[in-house]
Amino acid sequence: SPGASETLTLQMTPAASVARGSSKSVVVRAYLDGSDTTARDAVQAITRVENRVPAVPEMVSPAAGAIVSPTPTFKVKSTDPDADKVKFLVELKQGESSETLSVGETASGQEATLALPAERTLRSGQWQWRVKAIDAVSGESDWSESRSFTVNRRPVAVQLLTPADKSVVSPAPELAMKATDPDGDRVRSEERRVGKECRMPC
C-alpha cells in the first residue's frame, strides 16, 4: 500500500560479480500493484571490492655496498595480501642516467630473479637501485629504499714476460709479468706453483 516499506535483498550471480578495484551499479525498480502502473521508485545499489596493494619489496641481493660484475643478478620478493601474483620494476641509477627493468610475474612471497644478459652490461662505478611491486590488477606498492652497489670489471689475463717458456732458471728465478685492468685499477699478482719437485735424475 502507499507509504509502506519493504526490505529487498539482492544476490549477484557469478556473471555479475565485481572484480577487485572496480565497481558495478545495479538499479532496482519497485512497482506498486497492477492498479497503478505509473507510481514507481528506483534505488541504486553500488558494490565496490577494494584491492590491497603488495608490500614494499624486500631487496634480497645485491647487498648494500656489494661489488658486482657488469651483469649482476637482482633478487627481490614481495607478499600480496590478496595472494595475487606480483611483478617488479627495478630502477637503476648512476649519476643523471637511469633505466627501469621489469621482472615477470611470480607467486606472492616467492623470490624473483633478474639476471642482466651479456649484451646489457652496466658501466663501471657506483650505482643506486630500488624496486616496487605490482599485483595482478595493477595495484602498486611504494618504492623500496635505495641501495648502492659498485660494478667492477676483472683484469684481463696476465702476460708472463720472464722467464721464457721452457727456459732453465735458478732455484729462485725472477718473474716479470703484466696485466691490464679495464677500469684502470691497480693490479696485484698471486703466484701459484704447478708441478712437482724433481731431484736429479728425473
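Helices and strands are DSSP runs, numbered from the N terminus; a strand needs at least two residues. The model used here is predicted.

**Exercise 1. The overall fold**

Task: State how many helices and strands the protein chain has, and in what order the elements run.

Solution.
Step 1. Count the elements. The protein chain has zero helices and 12 strands.
Step 2. Read from the N terminus. The order is β-β-β-β-β-β-β-β-β-β-β-β.
Step 3. Look at the contacts. Take those in the protein chain with a separation of 6 or more: 59% of them join residues 24 or more positions apart.
Step 4. Look at burial and surface. Of the 202 residues, 22% count as buried. The chain exposes about 14900 Å², and carbon and sulfur atoms supply 48% of that area.

**Exercise 2. How far to trust the model**

Task: Find the mean pLDDT of the protein chain, and say what share of residues reaches 70 or more.

Solution.
Step 1. The mean pLDDT is 77.
Step 2. A value of 70 or more is reached by 59% of the residues.
Step 3. Check a weak stretch. Over residues 36-45, pLDDT stays under 50. For this stretch the model has 18 contacts beyond four places in sequence.
Step 4. Apply the rule. Where pLDDT is low, predicted coordinates should not be read in detail.

**Exercise 3. Salt bridges**

Task: Take the salt bridges of Arg52, Arg120 and Glu140, and name the partner of each.

Solution.
Step 1. Recall the idea. Side chains of opposite charge can pair when their charged atoms come close. The cut-off is 4 Å, from a side-chain nitrogen of Lys or Arg to a carboxyl oxygen of Asp or Glu.
Step 2. Get the total. The whole structure holds four salt bridges. Three are worked through below, beginning with Arg52.
Step 3. Arg52 pairs with Asp82, at 2.8 Å from N to O. Arg52 sits in the loop between strand 2 (40-48) and strand 3 (58-61), and Asp82 in the loop between strand 5 (73-77) and strand 6 (86-94), so the pair ties together parts 30 residues apart in sequence. Arg52 is partly exposed, with a relative accessible area of 48%.
Step 4. Arg120 pairs with Glu99, at 3.1 Å from N to O. This pair also links distant parts of the chain. Arg120 lies in the loop between strand 8 (112-115) and strand 9 (125-135), while Glu99 belongs to strand 7 (residues 97-106), 21 residues apart. Both partners are partly exposed: Arg120 has 39% relative accessibility, and Glu99 has 26%.
Step 5. Glu140 pairs with Lys132, with the closest N and O atoms 2.7 Å apart. Now compare with the burial cut-off, which is under 20% relative accessible area. Lys132, at 11%, is buried. Glu140, at 41%, is partly exposed.

**Exercise 4. Aromatic rings**

Task: Work out which residues make up the aromatic cluster, and describe its pairs.

Solution.
Step 1. The structure holds two aromatic pairs.
Step 2. Phe74 and Trp129 form a tilted pair, with centres 5.1 Å apart and planes at 55°. Phe74 is in strand 5 and Trp129 in strand 9, 55 residues apart.
Step 3. Check the burial of this pair. Phe74 is buried at 1% relative accessibility. Trp129 is buried too, with a relative accessible area of 1%.
Step 4. Phe74 and Phe149 form an edge-to-face pair: 5.8 Å centre to centre, 65° between the planes. The edge-to-face label applies over 60 degrees. Phe74 lies in strand 5 and Phe149 in strand 10 (residues 147-151), so the pair ties together parts 75 residues apart in sequence. Phe149 counts as buried, at 0% relative accessibility.
Step 5. Join the pairs. Phe74, Trp129 and Phe149 form one cluster.
Step 6. Add a charge over a ring. Arg130 lies over the face of Trp143, 4.3 Å from the ring centre.

**Exercise 5. One loop residue**

Task: Locate Thr121, and list what it touches beyond four places in sequence.

Solution.
Step 1. Thr121 is in the loop between strand 8 and strand 9.
Step 2. Thr121 is partly exposed, with a relative accessible area of 48%.
Step 3. Leave out residues up to four places away. Thr121 then touches Pro70 and Thr71.
Step 4. Set sequence against space. Thr121 and Val151 are 30 residues apart in sequence, and 9.7 Å apart from C-alpha to C-alpha.

Note on methods. Residues numbered from 1 in each chain as written. Predicted model: local features only at pLDDT ≥ 70, side-chain atom pairs only at ≥ 80, totals over all residues. Heavy atoms only, no water. Buried < 20%, exposed > 50% of the residue type's maximum accessible area, 1.4 Å probe, protein only. Contact = heavy atoms within 4.5 Å. Areas by Shrake-Rupley, 256 points an atom, 1.4 Å probe, with all protein chains shown as cover. Phe/Tyr/Trp six-rings, centres within 6.5 Å; stacked < 30°, edge-to-face > 60°. Lys NZ or Arg CZ within 6 Å of the ring centre and 35° of its normal. pLDDT = per-residue confidence, 0-100.
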